[in-house]
Amino acid sequence: MKSPFYRIMTTALACCLISGMVMAGCGGEGGGESQEHAEESAESEAPDPNAEARQEHMREIVRLCEGIAGAVEEGSVGTIRADVEHLKEIMEEVSTMPPRYDSSRYGFYASDFQIRAETLIAAAETGSAIEADSALQDLAITCGVCHYNCKFPADL
């Protein structure tokens, strides 16, 4: 079994990775776009009106996740419920502003985020830093998978 330190460090690394993806425009530059995404971008010249708001919400999610990871690392999992509830509220709002493309996958991941956030709350209520860390890693995986699969263009 891994020690809690390694699990916490893995979670912190996942949060940093997600943060980097958000700051880099949620998917990096070119090359990775599918044909569908490239055609969609070429067809619509107007910028996504929700892009800036969505990015700001994602930055807030990253900040909260970093705080939660710090609390888990310190073993104070009883203090994270309010932050996780705030994460859920933000994601509920973000789920109403999908990008013009991939809205069905985006909705699926937003829903999965809510489920995994509830799991994180339940794990924190057990008082186990190990369970909370595992639940936080699962939540971070959902974030990463959404950003990878939805391949948000760099100009968002």
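Angles between helices here run from 0 to 180 degrees between N-to-C directions, with each axis fitted to C-alpha atoms over the stretch in contact. With that in hand, welcome to a predicted model in which helix H3 (residues 51-74) and helix H4 (residues 81-94) pack at an angle of about 165°, their axes 10 Å apart. Two further helix pairs, H5 with H6 and H3 with H6, are covered below, followed by the cavities.

**H3 against H4**

- Angles over 145 degrees count as roughly antiparallel, so H3 and H4 are roughly antiparallel to each other.
- The two helices, H3 and H4, cross in a left-handed sense.
- From H3, the contact draws on Arg54, His57, Met58, Glu60, Ile61, Leu64, Cys65 and Ile68.
- H4 answers with Asp83, Val84, His86, Leu87, Ile90, Met91, Glu93 and Val94.
- Sorted by class, this contact of H3 with H4 holds 10 nonpolar, 2 polar and 4 charged residues.

**H5 against H6**

- Helices H5 and H6 pack at an angle of about 170°, and their axes lie 8 Å apart.
- H5 and H6 are therefore roughly antiparallel to each other.
- On the H5 side, the residues that meet H6 are Arg105, Tyr106, Tyr109, Asp112, Phe113, Arg116, Ala117, Thr119, Leu120, Ala123 and Ala124.
- Their partners in H6 are Glu131, Ala132, Ala135, Leu136, Asp138, Leu139, Thr142, Cys143, Val145, Cys146, Asn149 and Cys150.
- The class tally for the contact of H5 with H6 is 15 nonpolar, 3 polar and 5 charged residues.

**H3 against H6**

- For H3 and H6 the packing angle is about 160°, with the axes 10 Å apart.
- This pair, H3 and H6, is therefore roughly antiparallel too, and H3 passes H6 in a left-handed crossing.
- Met58, Cys65, Ile68, Ala69 and Val72 of H3 meet Ala129, Ala132, Asp133, Leu136 and His147 of H6.
- In this contact of H3 with H6, the classes come to 8 nonpolar, 1 polar and 1 charged.
- Met58, Cys65 and Ile68 of H3 are listed in the contact with H4 and also in the contact with H6.

**Cavities**

- The model has 3 cavities of 30 Å³ or more, and the largest cavity has a volume of about 100 Å³.
- Lining the largest cavity are Met58, Met91, Tyr106, Tyr109, Ala110, Phe113, Thr142, Cys143, Cys146 and His147.
- Helix H5 (103-125) and helix H6 (129-150) each supply at least two residues of that lining.
- By class, the lining of the largest cavity has 8 nonpolar residues, 2 polar and no charged.
- Some lining residues also sit in the helix contacts: Met58 and Met91 take part where H3 meets H4, while Tyr106, Tyr109 and Phe113 are among the H5 residues that meet H6.

Note on methods. Residues numbered from 1 in each chain as written. Predicted model: local features only at pLDDT ≥ 70, side-chain atom pairs only at ≥ 80, totals over all residues. Heavy atoms only, no water. Helix = DSSP H or I, 4+ residues; strand = E, 2+ residues; numbered from the N terminus. Parallel < 35°, antiparallel > 145°, perpendicular 65-115°, else oblique. Left-handed = near helix turned anticlockwise from the far one by under 90°. Contact = heavy atoms within 4.5 Å. Nonpolar A, V, L, I, M, F, W, Y, C, P; charged D, E, K, R; others polar. 1 Å grid on protein atoms, 1.4 Å probe; cavity = no way out; pocket = protein on both sides within 12 Å on 5 of 7 lines; lining within 4 Å. Points joined across faces, edges and corners; volume = space filled by probe spheres on them.
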